[in-house]
Amino acid sequence: MSVKQRNTKIRQTRVDAIFDVINYTLITLVVLVCIYPLYYTVIASFSDPLEVTRGNVTVWIKGFTFDSYKTVFDYKPLWRGYRNTIIYTVVGTAYNLFLLLPASYALSRKEVKGRGLLMGIFVFTMYFGGGMIPTYLNMKNLGLLDSMLVMILPGAFSVYNMIITRTFFATSFPNELAEAARIDGAGEARIFFQLALPLSTAIIGVMALYHAVGHWNSYFSALLYLSDTKKYPLQLVLREVLMQDNGIAINMDSMTTEELMDAARRQRLAETMKYSVIFIANAPVLALYPFVQKYFTKGVMIGSVKG
Amino acid sequence: MMMKSPVLSARKWKKHLKQFWPLYLFLLPALLDVIIFRYAPMYGLQIAFRDFKIRKGFWGSEWVGLEHFIKFVNAPNFWQLLRNTLSLSVKSLLWGFPVPVILALMLNEIRSSKIKRVVQTITYAPHFLSMVAMVGLINLVLARETGLINHLLVALGFERKNFLIMPSAYQPIYILSGIWQEAGWGSIIYLAALTSVDLQMLEAAQIDGANRFQKIWYIDIPSILPTIVIMLIMRSGSLLSVGYEKVLLLQNDMIRDVSEVISTYNYRMGILQGKYSYTTAIGLFNSVINGIILLAVNKISNIVTETSLW
């Protein structure tokens with residue numbers, strides 16, 4: 001080995017070592033930036049409101065207290081919203097999958113005639129729609145306004161997810177397998193339910209998560225279509241709690257010192273209560289997604305294959 | 001065959017359906033959903049050309065042609081809405097688009113798969129936070145008297161600022177929080193594309209003495225370029241439809257002038273004030289422009305990079 005060659009080798013490893021240092025430093029920063037706001041939410045929610053509002057809570061809980069949570073637990077609309085959201089999420093996701101899985105499977109089978117036309121009908125809706133107002137009027141005509149069904153039925157079939165799921169079926173459930181089952185005398189429905197579905201738990205898991213998160217986090221359709229507060233989902237209640245001003249009336253002239261201090265305390269509590277509400281409302285989703293994470297890359301890869 | 005008699009093909013159809021009818025039944029619910037909830041509203045688009053009155057119905061309302069479109073284009077706030085919408089989405093694209101690409105390239109260089117997985121889990125987390133919660137959090141940490149950011153500013157010797165009602169702070173808040181929330185999630189597609197980089201090419205580069213910067217620049221990036229271009233085309237196809245759910249949450253009266261975009265204006269005028277025909281026309285105008293931009297970018301990309309959506 002010539003000297004020159006050895007030199008480049010050393011230089012190369014040195015450059016690579018520098019690369020690693022820079023890369024890991026930047027990644028550490030990214031990780032901190034991503035996680036800190038969420039971490040701060042948790043520690044603020046368990047800290048003394050006075051310490052939080054003074055900015056003394058930064059790395060760990062100060063003056064541990066359940067006060068914020070006690071206030072939240074007494075707030076009935078939040079729990080009603082929670083119950084509603086669980087209903088919308090469970091029923092809605094089941095309905096999403098009921099539309100998604102059979103249709104995607106059928107569109108993946110070569111035996112089905114007119115697949116091109118059907119795909120055209122579906123895909124067109126990805127690029128063009130009636131828009132906010134005609135959609136609203138459509139709900140009105142269907143009598144869905146202010147009904148709990150409006151959170152479940154409309155547009156439950158996601159064309160984008162169908163494309164991913166269809167490609168999954170087409171690649172992971174080969175025609176030969178269906179053919180073999182047919183020779184054994186299995187009907188098409190049986191092939192789907194007893195062969196294709198059990199082999200597709202990965203895609204079912206990812207799709208269930210996508211739709212469930214969508215239901216759990218959505219607020220806008222409720223804002224558009226629901227006016228009865230009893231039917232409000234969690235996010236709309238959350239919005240009301242978070243957007244309300246902490247303006248607890250403080251009147252310097254007529255209040256006694258004690259009353260003033262109490263008002264100020266309540267005002268601070270309203271502030272930390274918001275952190276607790278954010279935590280309570282988002283914890284289920286944040287606790288759930290890591291379990292299906294390994295399928296995300298796979299799901300995206302499948303979707304990017306042109307079908 | 002053109003000569004085939006219809007009777008025969010009907011018989012063939014019968015035979016075909018006898019075996020495969022469940023597959024067609026499988027498609028029915030999805031088809032009904034799309035017809036009732038996606039195509040029916042398109043039928044309602046005609047009110048953009050009418051003076052729609054609820055009691056007169058779609059057909060009973062008077063036909064006014066392009067009147068609403070002309071009215072919108074000549075409206076005093078037209079240029080302001082268009083400028084706000086375009087500047088917010090173009091800036092979001094310019095600042096936000098490269099971040100997931102860079103993040104994916106960085107993650108791809110982590111050798112330990114365990115660390116990589118943990119980093120991925122953490123960078124995906126903000127994506128799963130609801131929009132309402134995120135905007136609530138922004139309001140809390142930016143609050144003038146009690147927010148963490150202002151405490152930090154004071155500690156560093158600066159003055160407190162009320163960012164939430166500062167017109168100049170609105171766009172940076174929107175864009176940065178968007179990057180925070182979606183960069184990790186957006187990196188998935190590039191990570192997926194990076195798994196298909198030719199290993200032999202990387203080995204050959206290694207033997208030729210390329211360092212890791214060079215491998216990224218000359219091998220990784222060119223390999224995922226088609227994916228980058230496709231994503232760019234798709235993003236530019238929605239330049240006029242910014243995330244109005246977020247704008248609506250971030251808005252307040254003090255920053256209305258800089259934050260009002262076409263879609264939030266539409267919500268206010270249409271849903272809250274009931275100007276159905278006018279806002280439907282605005283919505284249609286919006287999606288037609290979006291379609292034109294998408295077609296144009298796709299065409300340009302097809303010529304320049306030979307990559308296109310279709």
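**A:D67, with a relative accessible area of 30%, is partly exposed in this close-up of chain A.** The model shown here is a predicted one. A salt bridge joins the side chain of A:D67 to that of A:K70, with N and O 3.9 Å apart. Both residues belong to helix α3 (residues 67–73) of chain A, and because they are 3 residues apart there, about one helical turn separates them. A:K70, at 53% relative accessibility, counts as exposed, whereas A:D67, at 30%, counts as partly exposed.

**A salt bridge links A:R266 and A:D262 in helix α13 of chain A.** The closest N and O atoms of this pair are 3.2 Å apart. Why can the two residues be said to lie about one helical turn apart? A:R266 and A:D262 are 4 residues apart in helix α13 (residues 257–288), which means a separation of about one helical turn. Each of the two is partly exposed: the relative accessibility is 40% for A:R266 and 33% for A:D262.

**In chain B, a salt bridge brings together the side chains of B:K53 and B:D51.** The distance from N to O is 3.3 Å. B:K53 counts as partly exposed, at 31% relative accessibility, and B:D51 also counts as partly exposed, at 32%. When the whole structure is searched over all chains, 14 salt bridges are found.

**This view shows the contact between chain A and chain B, to which chain A brings 97 residues and chain B brings 86.** A:F19, A:I133 and A:Y219 supply 8% of the area that chain A buries against chain B, more than any other three residues. The size of an interface is often given as the accessible area lost when the parts come together. Between chain A and chain B, the buried area is about 8100 Å², and carbon and sulfur atoms give 75% of it.

**Salt bridges cross the interface of chain A and chain B, and the rule finds 2 of them.** One salt bridge is formed by the side chains of B:R111 and A:D20, with 3.4 Å from N to O. Which element of chain A gives the most residues to the side that touches chain B? Helix α1 (residues 3–45) does, with 20 residues. The residues on this side of chain A comprise 65 nonpolar, 19 polar and 13 charged. A:D20 and B:R111 also belong to a network of salt bridges that includes B:E109 and B:R212. Between the two chains, 24 residue pairs are in polar contact, counting pairs with both residues at pLDDT 80 or more.

**A:N282, a residue of helix α13 of chain A, is the subject of this view.** Is A:N282 buried or exposed? Its relative accessible area is 2%, so A:N282 is buried. Leaving aside residues up to four places away in sequence, A:N282 touches A:N217 in chain A, and from chain B it touches B:F128, B:L129, B:S130 and B:A133.

**A:K140 has its place in helix α6 (residues 132–141) of chain A.** At 35% relative accessibility, A:K140 counts as partly exposed. Beyond residues up to four places away in sequence, A:K140 touches A:L145 as well as B:I54 and B:Y276 of chain B. Along the chain, A:K140 and A:Y225 are 85 residues apart, yet 8.8 Å separates their C-alpha atoms.

**The two ends of helix α10 (residues 199–207) of chain B are shown here.** At the start of the helix, a side-chain oxygen of B:D198 comes to within 3.1 Å of the backbone nitrogen of B:Q200. Just after helix α10 of chain B, the residue B:G209 has a positive phi of about 85°.

**Chain A as a whole contains 14 helices and 0 strands.** From the N terminus on, its elements therefore read as one α after another. Of its 307 residues, 46% count as buried. About 15200 Å² of chain A is exposed, and carbon and sulfur atoms supply 64% of that area. Among contacts in chain A between residues at least 6 apart in sequence, 70% join residues that are at least 24 apart.

Key: Residues numbered from 1 in each chain as written. Chains lettered and ligands numbered in written order. Heavy atoms only, no water. Contact = heavy atoms within 4.5 Å. Buried area = accessible area lost by both parts, 1.4 Å probe. Salt bridge = Lys/Arg side-chain N within 4 Å of Asp/Glu carboxyl O. Polar contact = N/O pair within 3.5 Å; in protein donor to acceptor, adjacent residues only side chain to side chain. Nonpolar A, V, L, I, M, F, W, Y, C, P; charged D, E, K, R; others polar. Buried < 20%, exposed > 50% of the residue type's maximum accessible area, 1.4 Å probe, protein only. Areas by Shrake-Rupley, 256 points an atom, 1.4 Å probe, with all protein chains shown as cover.
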